Amino acid sequence: MQLRFRSLLTWVLAALVVTLNAQGVTKETVPGVTNFTRVETTIACAGATTPAAVAGIKKMGYASIINLRQASEAGADVEGEAAAAKAASINYIHLPFNAASPDPAVVDAFLKAVTAPANQPAFVHCASANRAAAMWMIKRIQVDKWDADRAGAEAAALGLTSPALKTFALDYVQAHKQ
């Protein structure tokens, strides 16, 4: 009986932690942006973003766009997005990140870009929000010193669904302990 109570209590506490961690995460509909999810006023993670959406992202108060898509991806318009960012006077950082063969050097560049004061708050996107959420998870653990469960819960709320990307994120953090 006591073991069953402990199991139930553990489950309830875990559910509460996930709920509390995800409270600052809101999903919104933004024209030209797939899977837009905001974490308070700190960051937004999203999927595919059209150049036409860039001016709206600037109006929402974002100082930078960090694009994780590879130029070779179907529907990616890296040049068009860069031109739209320049026209809207928003910092644009292109860090092509291959989910099938993730490069830790791209994570290093992402951490430098997302923590730079001139780039905050940042709008981070890929095609679906999976890579963006994985990168944010790494930032939460590595820079903000969150534990993996809390960062993972927030990343899931932001769009991290790939077990392989989650494993990569955790392996990156383990290999780069500070």
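A cavity is a set of points on a 1 Å grid over the protein atoms alone where a 1.4 Å probe fits but cannot get out.

**View 1. The largest cavity.** The model is predicted: local features need pLDDT of at least 70, side-chain atom pairs count only at pLDDT 80 or more, and totals for chains, interfaces and linings use all residues. Residues are numbered from 1 along each chain as its sequence is written, and side-chain values use heavy atoms, without hydrogens and water. The largest cavity has a volume (the space filled by probe spheres set on the points, which are joined across faces, edges and corners) of about 30 Å³. Its lining residues (an atom within 4 Å of a point) include Thr49, Asn67, Asp77 and His125. The lining divides into 2 nonpolar, 4 polar and 3 charged residues.

**View 2. The largest nonpolar core.** Such a core joins buried Ala, Val, Leu, Ile, Met, Phe, Trp, Tyr and Cys residues through side-chain atoms within 4.5 Å. Buried means under 20% relative accessible area, with a 1.4 Å probe and protein chains only. This core has 36 residues; among those touching the most other members are Ile66, Leu68 and Phe97. The largest share, 8 residues, comes from H5, a helix (a DSSP run of H or I, at least four residues, numbered from the N terminus).

**View 3. Around Leu158.** Leu158 sits in helix H6. Leu158 is buried, with a relative accessible area of 0%. Beyond its neighbours within four places in sequence, its contacts (heavy atoms within 4.5 Å) include Val25, Cys45 and Trp136. Phe36 is 122 residues away along the chain, yet the two C-alpha atoms are separated by 8.4 Å.

Definitions and conventions. Buried < 20%, exposed > 50% of the residue type's maximum accessible area, 1.4 Å probe, protein only. Helix = DSSP H or I, 4+ residues; strand = E, 2+ residues; numbered from the N terminus. 1 Å grid on protein atoms, 1.4 Å probe; cavity = no way out; pocket = protein on both sides within 12 Å on 5 of 7 lines; lining within 4 Å. Nonpolar A, V, L, I, M, F, W, Y, C, P; charged D, E, K, R; others polar.
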